[in-house]
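Hi,

Here is the structure I said I would pass on. Have a look at it first, and my notes on what turned up follow underneath.

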Amino acid sequence: MFMDRLFNETQRLAAIFSALEALRLADERGNPRGWASPFGLLQVIRCCAKILELSSCVAKAGYRECDQETLEAITSETRQVLYSVRAQIAA
């Protein structure tokens with residue numbers, strides 16, 4: 001269950017960065033809300049928080065189908081996304 005949710009959330013985060021998803025989330029005037037908009041950044045942060053929470057649950061549960069190296073890679077990439085968001089907000 002946690003693995004499915006983790007996979008779905010990582011797919012959701014990847015979709016936020018795609019141009020097609022930005023167009024799908026366009027506002028009422030048709031302007032795309034990119035990931036760099038306040039709304040987009042909030043979505044990115046929310047997804048990252050969920051990914052880190054689910055990763056923690058997977059690690060605590062000791063799922064064998066997700067080796068430690070893969071889990072560490074997922075959390076490392078998620079932290080990098082959060083650092084990038086923080087840097088963009090600070091700029």
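**What I found**

Going along the sequence, the protein reads α-α-α-α. That is 4 helices and 0 strands. Please keep in mind that this is a predicted model, so everything below is computed from it.

A few overall numbers to start with. Of the 91 residues in the protein, 29% are buried. The accessible surface is about 6,200 Å², and carbon and sulfur atoms hold 57% of that. If you take the contacts with a separation of 6 or more, 67% of them join residues that sit 24 or more positions apart.

**The H3 and H4 pair**

I spent most of my time on two of the helices, H3 (residues 38-61) and H4 (residues 68-90). How do they pack? Their axes lie 10 Å apart, at an angle of about 155 degrees. Anything over 145 degrees counts as roughly antiparallel, and therefore H3 and H4 are roughly antiparallel to each other. The crossing of H3 over H4 is left-handed.

Which residues make the contact? On the H3 side you will find Leu41, Val44, Ile45, Cys48, Ile51, Leu52, Ser55, Val58 and Ala59. H4 brings Leu71, Ile74, Thr75, Thr78, Val81, Leu82, Val85 and Ile89. Sorted by class, that contact has 14 nonpolar residues, 3 polar ones and no charged ones.

**Two polar residues in that contact**

Ser55 and Thr78 are both on the contact list, so I looked at each of them on its own.

- Ser55 lies in H3. Is it buried or exposed? Its relative accessible area is 2%, so Ser55 is buried. Leaving out neighbours within four places in sequence, Ser55 is in contact with Leu71, Ile74 and Thr75, and also with Leu6.
- Thr78 sits in H4. Because its relative accessibility is 3%, under the 20% cut-off, Thr78 counts as buried too. Once residues up to four places away in sequence are set aside, Thr78 touches Cys48, Ile51 and Leu52.

**Two residues with more of their surface showing**

Leu42 and Gln68 are worth finding in the viewer as well.

- Leu42 is in H3. With a relative accessible area of 57%, over the 50% needed, Leu42 is exposed. How far is Leu42 from Val85 in space? They are 43 residues apart along the chain, and their C-alpha atoms are separated by 9.5 Å.
- Gln68 belongs to H4. Its relative accessible area is 48%, so Gln68 comes out as partly exposed. From Gln68 to Val58 is 10 residues in sequence and 9.7 Å in space, C-alpha to C-alpha.

If you want one view to begin with, put H3 and H4 side by side and pick out Ser55 and Thr78, which are part of the contact between these helices.

Cheers

Methods
Residues are numbered from 1 along each chain as its sequence is written. This is a predicted model: local features need pLDDT of at least 70, side-chain atom pairs count only at pLDDT 80 or more; totals for chains, interfaces and linings use all residues. Side-chain values use heavy atoms; hydrogens and water are left out. Axes are lines fitted to C-alpha atoms, for helices over the stretch in contact, and angles run from 0 to 180 degrees between N-to-C directions. Angles under 35 degrees count as roughly parallel, over 145 as roughly antiparallel, 65 to 115 as roughly perpendicular and the rest as oblique. A crossing is left-handed if the near helix is turned anticlockwise from the far one by less than a right angle, and right-handed if clockwise. Contact means heavy atoms within 4.5 Å. Ala, Val, Leu, Ile, Met, Phe, Trp, Tyr, Cys and Pro count as nonpolar, Asp, Glu, Lys and Arg as charged, and the others, Gly among them, as polar. Buried means under 20% relative accessible area, exposed over 50%, partly exposed in between (1.4 Å probe, protein chains only). Accessible areas come from the Shrake-Rupley method with a 1.4 Å probe; for residues, only the protein chains shown count as cover.
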